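The following exercises introduce a structure step by step. Each task is followed by a worked solution.

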Amino acid sequence: MISEDGVRDQETVVVIDDDYAMRLSCHQILAKMGFRVEEFEDGARGLEGVSRLKPSLVVVDLKMPGIGGLEVVARIHKLDPEIITVVITGFATIGTAVDAMKSGAYDFVPKPFSPDELRVIVNRGLERRRLRLDSKRHEQERELMRRRFVTFVSHQLRTPLVAVHQYLDVLKHLPEGPDAVEKRAEWMERCLVRTDEMQQLIKDWLTLAEVEGGALTRERVAVDAAPLLSGLVDRLSTMAAEAGVTMTCQVPEDGLPLLGDAAALSMLFENLLVNAIKYNRAEGRVAVTAEGRDGEAVVSVADTGIGIPEEYRDAVFDEFVRVKGEGAKKTTGTGLGLPICKRIAGELGGVIELESHVGVGTTFRVRLPLHRPVQTAATAGGDA
Amino acid sequence: MSSERKRIVLVDDDDDFAAAVTAFLELHGFEVHRAADGRSGVTLAKMVRPDLVLMDVIMGERTEGFFAVQNLRRTPGLEQVPVFVISSVYSAEPQFKVTPERGWLAHDEFFQKPVDLPALLKSITARLGGGEGALATNPGTIK
């Protein structure tokens, strides 16, 4: 690739041809394109040059004395399959050119050729090389992330287990006395909290895996969002009251039929509602609204909580990301709730978006497909 | 009495783990000061001038403990303080070279979580001598 200064990123191209005139003209065309060009007059020197210079592309004449072009192509391909080789061939040897491509050559230019013909093939070859190198790099990055992820999950699972183990271990070493009685009571309580944490983590982890595999979102039936949401609000009212949070629920009176899986939808909205209560302030509010808009259902859950700083707004949907900050420290969570919501929404053909203002609150908006009943004589009626 | 006690700074982001280890070390006569992240751990160590630092590795989402150790090594007066790393990232030995140029000293040690308390105590005692108020003289005084 040619950068602004034209030097640092200069790519090397090697020309291997026994014909001086051909080397010279290739050199001129390629140098004009901005490449560093090295030429070699036979296969042996050429191969030595290729392994030393590690070029991006090699132009090889097929018909050379000594090591022939076909052999050169095969050896370059063996050395580094990402090096693009272009063979120059007379019309009489097009059959051999096809053999060369079987040995790993990228393409061929029949003699005589114009500068443009060579340029087009070289550019195309290098473009292909870039794409291949890019996708190879992406694949490596993905693999690295997968491996890191496994390490991270096991660390998350191990943390509460370690805490419980350490408490029990110290309790074993504790001499009897009033302090020991007090510690034992306090630590037993903590052990229960931490084992609960671990249970929840494993449960959420499994849920996430099930959602991902499609197992939790298999059904596609009409699910009325109105009673679903008001039912959830009722069920969570005790939790909200304990947190000092008021909940309101505004849903269409004649219902809002979603197309999806009832259990999965319930899980999705419950997660959002619980979050809205948990990450709220004392005397805060949670407003749940649902409506049909532009042919889809829009369910909003708005809180008056701590808000999500801008740098976290995409990341909160990633596994184990929990917003750091004073407000979030007090709450417990597995860091898997929102990833579960995002996956469920996605599996059901919807999306989840968020709008947040730090210190003011966050609104999660889920857009889902509406259930459209087949219009028959029996069902066509009060449908709007 | 407290002036005689060996001081330990414990840096770990898990409050429960830290509470348990603290109780155990206090039981054996050490004075324990706690920090929950690398940065406040270094600050605390600057103030407390500990005889030993116990350091977790993964705090938050990254290997914060390693950076904290390097910062300790650059802090006047703390360059030589022994650091014992306690982490769940090791199954046995750490997979990196423990070399001075990376901030590790020969007297630094590595423990895996959950930590083997008698082994930890043995190492600490070998490094610092015992805590002042040993178990026998001070039974049950843990906080």
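**Exercise 1. A salt bridge between the chains**

Describe the salt bridge between Arg194(A) and Asp14(B), and place it within the interface of chain A and chain B.

Solution. The model is a predicted one. The side chains of Arg194(A) and Asp14(B) form a salt bridge, with a distance of 2.6 Å from N to O. Across the interface of chain A and chain B, the rule finds 3 salt bridges. The interface also holds 5 residue pairs in polar contact, both residues being at pLDDT 80 or more. Two elements of chain A, α5 (115-173) and α6 (178-212), give two or more residues to the side that touches chain B. Of these, α5(A) provides the largest share, 12 residues. By character, the residues on this side of chain A divide into 9 nonpolar, 5 polar and 8 charged.

**Exercise 2. The extent of the interface**

State how many residues each chain gives to the contact, and how much area chain A and chain B bury between them.

Solution. The size of an interface is often expressed as the accessible area that is lost when the parts come together. Begin with the residues: 22 come from chain A and 23 from chain B. Next, consider the area: the two chains bury about 2000 Å² between them, and 63% of this lies on carbon and sulfur atoms. Finally, consider the residues of chain A that lose the most area to chain B: these are His155(A), Gln166(A) and His173(A), which together account for 24% of what that side buries.

**Exercise 3. A network of charged side chains**

Which residues are joined with Arg194(A) into one network by salt bridges that share partners?

Solution. Start within chain A, where the side chains of Glu197(A) and Arg194(A) meet in a salt bridge of 2.7 Å, N to O. These two residues are 3 residues apart in helix α6 of chain A, so about one helical turn separates them. Then compare their accessibility with the cut-offs. Glu197(A) has a relative accessible area of 32% and is therefore partly exposed, whereas Arg194(A), with 6%, is buried. Salt bridges that share partners join Arg190(A), Arg194(A), Glu197(A), Asp14(B) and Asp16(B) into one network.

**Exercise 4. Salt bridges within chain A**

How many salt bridges does a search of the whole structure find over all chains? Describe the pair Arg75(A) and Glu71(A), and then the pair Arg45(A) and Glu41(A).

Solution. The search finds 28 salt bridges over all chains. In one of them, the closest N and O atoms of Arg75(A) and Glu71(A) are 3.0 Å apart. Both residues belong to helix α3 (residues 69-79) of chain A, where they are 4 residues apart, about one turn of the helix. Arg75(A) has a relative accessible area of 40%, so it is partly exposed. Glu71(A) is likewise partly exposed, because its relative accessibility is 39%.

For the second pair, the side chains of Arg45(A) and Glu41(A) form a salt bridge at 3.2 Å, N to O. Arg45(A) counts as partly exposed at 46% relative accessibility, and Glu41(A) counts as partly exposed at 43%.

**Exercise 5. Pairs of aromatic rings**

Classify the ring pair Phe317(A) and Phe364(A), and then the ring pair Phe84(B) and Phe111(B).

Solution. A pair of aromatic rings is described by the distance of the centres and the angle of the planes. By the rule, there are 3 aromatic pairs over all chains. Phe317(A) and Phe364(A) form an edge-to-face pair, with 6.2 Å from centre to centre and 90° between the planes. This pair links distant parts of the chain, 47 residues apart: Phe317(A) is in the loop between β10 (296-303) and α10 (326-329) of chain A, and Phe364(A) is in strand β12 (residues 361-369) of chain A. Both Phe317(A) and Phe364(A) are buried.

In the second pair, the ring centres of Phe84(B) and Phe111(B) are 5.7 Å apart and the planes stand at 40°, so the pair is tilted. Phe84(B) lies in strand β4 (residues 83-87) and Phe111(B) in strand β5 (residues 109-112) of chain B, so the pair ties together parts that are 27 residues apart in sequence. Phe84(B) is buried, at 0% relative accessibility, and Phe111(B) is buried at 11%.

How values were computed: Residues are numbered from 1 along each chain as its sequence is written. Chains are lettered from A and ligands numbered from 1 in the order in which they are written. This is a predicted model: local features need pLDDT of at least 70, side-chain atom pairs count only at pLDDT 80 or more; totals for chains, interfaces and linings use all residues. Side-chain values use heavy atoms; hydrogens and water are left out. Contact means heavy atoms within 4.5 Å. Buried area is the accessible area (1.4 Å probe) that two parts lose on being put together, summed over both. A salt bridge is a side-chain nitrogen of Lys or Arg within 4 Å of a carboxyl oxygen of Asp or Glu. A polar contact is a pair of N or O atoms within 3.5 Å; within protein, one must be able to donate a hydrogen and the other to accept it, and residues adjacent in sequence count only if both atoms are side-chain atoms. Ala, Val, Leu, Ile, Met, Phe, Trp, Tyr, Cys and Pro count as nonpolar, Asp, Glu, Lys and Arg as charged, and the others, Gly among them, as polar. Rings of Phe, Tyr and Trp (its six-membered ring) pair if their centres lie within 6.5 Å; planes under 30 degrees apart count as stacked, over 60 as edge-to-face and the rest as tilted. Buried means under 20% relative accessible area, exposed over 50%, partly exposed in between (1.4 Å probe, protein chains only).
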